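Trainee: Please give me a close look at one part of this model, the packing of its aromatic rings and the nonpolar surroundings of those rings.

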Amino acid sequence: MPEQPRRWVRSNQPAVDVDAVIIGAGHNGLVAANLLADAGQQVLVLEAAPRMGGAVYSDRSLHPDFVTDWYSSFYPLAAASPVLAGLELENWGLQWRHSKTVLAHVLPDGRCAALNRDVDQTAASLDAFAPGDGEAWQQLVREYEAIAEPLINAILRPFPAPRAVTSLLRTLGVADLMRFARFVVSPVRTFARERFNGEGAALLLAGNALHTDLAPEAAGSAVYGWLLCMLGQTVGFPSPVGGSSMIVEALAKRLAASGGEVRTSAEVTSIDVESGRVSAVRLTTGERITTRSVLADVDAPRLFLDLVGPANLPDRLVQDLEGFEWDGPTLKVNWALSSPIPWTATAARDAGTVHFGVNLNDLSQYSTDLVSGRLPEHPFALLGQTTTADPSRSPAGTESAWSYTHIPKDQVFDADQLTGHVERLKDAVEAQAPGFRASILAEQVQTPDDLQSADGNLVHGAVGGGSAAIHQQLFLRPVPGLGRPETVIDGLYLASASAHPGGGVHGAPGGNAAAAALRRSGHLGRVHRGVIDGAYKRIYRP
């Protein structure tokens, strides 16, 4: 058990109820709270829901013998995150398990491309599609490994990350850094065509890119697909033993030991701003809690437009927020199965994550259908086999599983249409695994409205905190600015997936916001706040 941190107090500051209020007990909010508590600050986390975790949550409500992950199950970014590594959550009960095969993509004709942490096995799978693609994949992995550490730091740290970028430059040299920049903005279809001859590698890359909302032809989709594939190749897609809630439980235990407090069913309705600085938060109960800092694990439009209010914001920021783009709505179905899914493609039987039922052109058509407002006839779907990865999830010889797909934005679909789309997903699984339907013991569908009702950050069922498109990344996330957690309100920090670097369970938005708050308080040494303020004023002139 770590020592209780010493309280750090600035004597020239007015008295407040707490040093920092964290709005939202999702994983980013809890990461931020832990880091502030480690520095000796008095931290209060306020969560509107009756439970912690946000979109990292599991329980046995579907079937008493089965643990169901209601949002996500596999966490490559968590495995690579320096923020989470620094918290040493393994000391607080968090354990990880891996499936034998990381990911399998099953084509309609029964062929299967398989990603395995053993690069030779991945190479053999891809050579079956086109001889030589295995060696091309191994070369891709070698290129990634040469830059992995500075790259991950550059991605997860506030933009810009000068040390990480300098390290990348030192490793790659100017010429290759320019080539890498071209790759970063390339479509995944183009990148796959340039590096591989067969469809197998292209499907692994493009399918992983579609874990976001990026079509195979979208600028920037190559780097997303490549990064998830390389993480799967090197650190895997690990799953927490006992369910996704084990991540939250470890964060909560660690926070409690450091003196932090979490209050659930405590909804913040507004943030008080005085002379351009946060001073307090107000709850639905009427309670007012004074504080020096507010770190918000809240989606950007709700934070600024609802909690802060347009009257406290520059007009141009309000206009930009009205154009904030969400990622696509998610439709998810969860199953308790009496037996493992009987895939005809044997590699899929050992995979934690399965993509199924579509080829590369189908992925493009699926993306076109979504932007055209049509429910795809051949939807791209992800399927999680959580017992395959972690046998503690359900009794031996059974499977706890889920599948999700995306549906078009800005469209209204009635219950019959959504039910029909779920049946289409089940038909697609049955086509690749005859007997699947007969194994269903229990089933529950989560519509986009269900997802938002359970977690207010999942607006219209968007699980990524906002589009991952290139026009809403880096210094453009959540709106044109600095890509940093600091905001136009002194003492207010954006700590949700709406902030750079975006969605995924890696803790970076929470970690970055905590570091910014500590720098501003003087605890981590002085930062040139005037530079930050000046930049915002240039972008958002009153």
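Mentor: W402 is buried, with a relative accessible area of 5%; buried means under 20%, exposed over 50% and partly exposed in between, for a 1.4 Å probe and protein chains only. Y404 also counts as buried, at 12% relative accessibility. The model is predicted, so local features need pLDDT of at least 70 and side-chain atom pairs count only at pLDDT 80 or more, while totals for chains, interfaces and linings use all residues. Residues are numbered from 1 along each chain as its sequence is written, and side-chain values use heavy atoms, with hydrogens and water left out.

A pair of aromatic rings is described by the distance of the centres and the angle of the planes. Rings of Phe, Tyr and Trp (for Trp, the six-membered ring) pair if their centres lie within 6.5 Å; planes under 30 degrees apart are stacked, over 60 edge-to-face, and the rest tilted. The count by this rule is 12 aromatic pairs. In one of them, W335 and F436 meet edge-to-face, at 5.0 Å centre to centre and 80° between the planes. This pair links distant parts of the chain, 101 residues apart: W335 belongs to strand β13 (330–337), and F436 to the loop between α16 (415–432) and β17 (440–446). Helices (H or I, at least four residues) and strands (E, at least two) are DSSP runs numbered from the N terminus. W335 is buried at 0% relative accessible area, and F436 is buried with a value of 0%. W402 and Y404, by contrast, form a stacked pair, with 5.8 Å between centres and 25° between planes.

Y144, F180, F183, F191 and W226 form one aromatic cluster. Y144 and W226 recur in the largest nonpolar core, of 55 residues, where they, W137 and L205 touch the most other members. The helix α5 gives the most to this core, 11 residues. A nonpolar core is a set of buried Ala, Val, Leu, Ile, Met, Phe, Trp, Tyr and Cys residues joined through side-chain atoms within 4.5 Å. Apart from it lies another core, of 36 residues, with A20, L89, A257 and A514 among them.

L205 shows how the aromatic residues enter its surroundings: leaving out residues up to four places away in sequence, L205 touches W137, V188, F191, A192, F196, G225, W226 and C229, contact meaning heavy atoms within 4.5 Å. F191 and W226, both members of the aromatic cluster, are thus among the contacts of L205.
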